[in-house]
Amino acid sequence: SSGINADLGPVISPTALKRMHSIIETAEKEGAKIVLDGRSIKVPGYEKGNFMGPTIIRGVTPDMTCYKEEIFGPVLVCLEVPTLDEAIHIVNKNDYGNGTAIFTNSGPTARKFVSEIECGQVGVNVPIPVPLPMFSFTGNKRSFLGTTNFYGKQGVNFFTQLKTVTSMWRAEDAIVDSTLAMPVLK
């Protein structure tokens, strides 16, 4: 262990960081408001690192670049609409289908959202529906490439060679005093 206590590491490359900065700048030019700006973060001892601080963009509309492109960084893009139906419509109209979340105290609202939304990962009162190895990554639309998911049961099946064994034993060949217990070392 390096002794460093970090909640969030650097982004993958200087190019990725520059892309995030560009999308945030474009959001401002297109009329969105930067509520929390993480572009100028500097980590002591790693001043040349590819660090991006948490960023919140508010007042976003579906025609803005920050909404139309996946940012792949600690940037929260906020759209505000007056009804649940409009929220579902906006999410479903998006070309990407990686993940979305809803925060609510209403079971029927959550159920409607989950059943009508067209995203592979849906969080209910969970901020980011992150895929874990025991679950498949289930993004869809332009958020998914290929024919199989790489986590969970589908991932195991992809890397598993299946074997079918067909056999027949005659009852009269059975050994009467055979043991059926799991062998153990003594």
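This passage walks through the overall layout of a predicted model, then helix α1, and then the salt bridges.

The protein chain holds five helices and seven strands. Read from the N terminus, these elements follow the order α-β-β-α-β-α-β-β-α-β-β-α. Of the 186 residues in the protein chain, 27% are buried. Among contacts with a separation of 6 or more, 41% join residues that lie 24 or more positions apart. The surface that the protein chain exposes comes to about 14000 Å², and carbon and sulfur atoms supply 59% of this area.

Helix α1 is a good place to look in more detail. The helix spans residues 14-29, 16 residues in total. From the first C-alpha to the last, α1 reaches 23 Å, which is close to the 22 Å expected at 1.5 Å a residue. Which residues of α1 are buried? They are A16, L17, M20, H21, I23, I24 and A27. These residues lie on the same side of α1 because they cover an arc of only 160° around the axis. The spacing fits a simple rule: an α-helix has 3.6 residues a turn, so residues three or four places apart point the same way. What covers the buried residues of α1 includes three strands and a helix, namely β1 (33-36), β2 (55-58), β3 (75-77) and α2 (65-68). On the face turned away from the buried side, α1 carries the exposed residues P14, T15, K18 and K29. Just after the helix comes G31, whose phi is positive, at about 110°.

The end of α1 also leads into the charged pairs of the model. Side chains of opposite charge can pair when their charged atoms come close. How many salt bridges does a search of the whole structure find? The search finds six. In one of them, the side chains of E28 and R39 meet with an N to O distance of 3.3 Å. This pair links distant parts of the chain, with E28 in helix α1 and R39 in the loop between β1 and β2, 11 residues apart. Are these two partners buried or exposed? E28 has a relative accessibility of 41% and therefore counts as partly exposed, whereas R39, at 16%, counts as buried. Both residues also belong to a network of salt bridges that includes D37.

A further salt bridge joins R58 and E80, whose closest N and O atoms are 2.8 Å apart. R58 belongs to strand β2 and E80 to the loop between β3 and α3 (84-93), so the pair ties together parts that are 22 residues apart in sequence. R58 counts as partly exposed because its relative accessibility is 46%.

Two helices are linked in a similar way by charged side chains: D85 and K112 meet in a salt bridge, at 3.0 Å from N to O. D85 lies in helix α3 and K112 in helix α4 (residues 107-116), which places the partners 27 residues apart and links distant parts of the chain. Both partners are partly exposed, with a relative accessibility of 46% for D85 and a relative accessible area of 28% for K112.

Definitions and conventions: Residues numbered from 1 in each chain as written. Predicted model: local features only at pLDDT ≥ 70, side-chain atom pairs only at ≥ 80, totals over all residues. Heavy atoms only, no water. Helix = DSSP H or I, 4+ residues; strand = E, 2+ residues; numbered from the N terminus. Expected span 1.5 Å × (residues − 1). Buried < 20%, exposed > 50% of the residue type's maximum accessible area, 1.4 Å probe, protein only. Arc of directions from axis to C-beta. Contact = heavy atoms within 4.5 Å. Salt bridge = Lys/Arg side-chain N within 4 Å of Asp/Glu carboxyl O. Areas by Shrake-Rupley, 256 points an atom, 1.4 Å probe, with all protein chains shown as cover.
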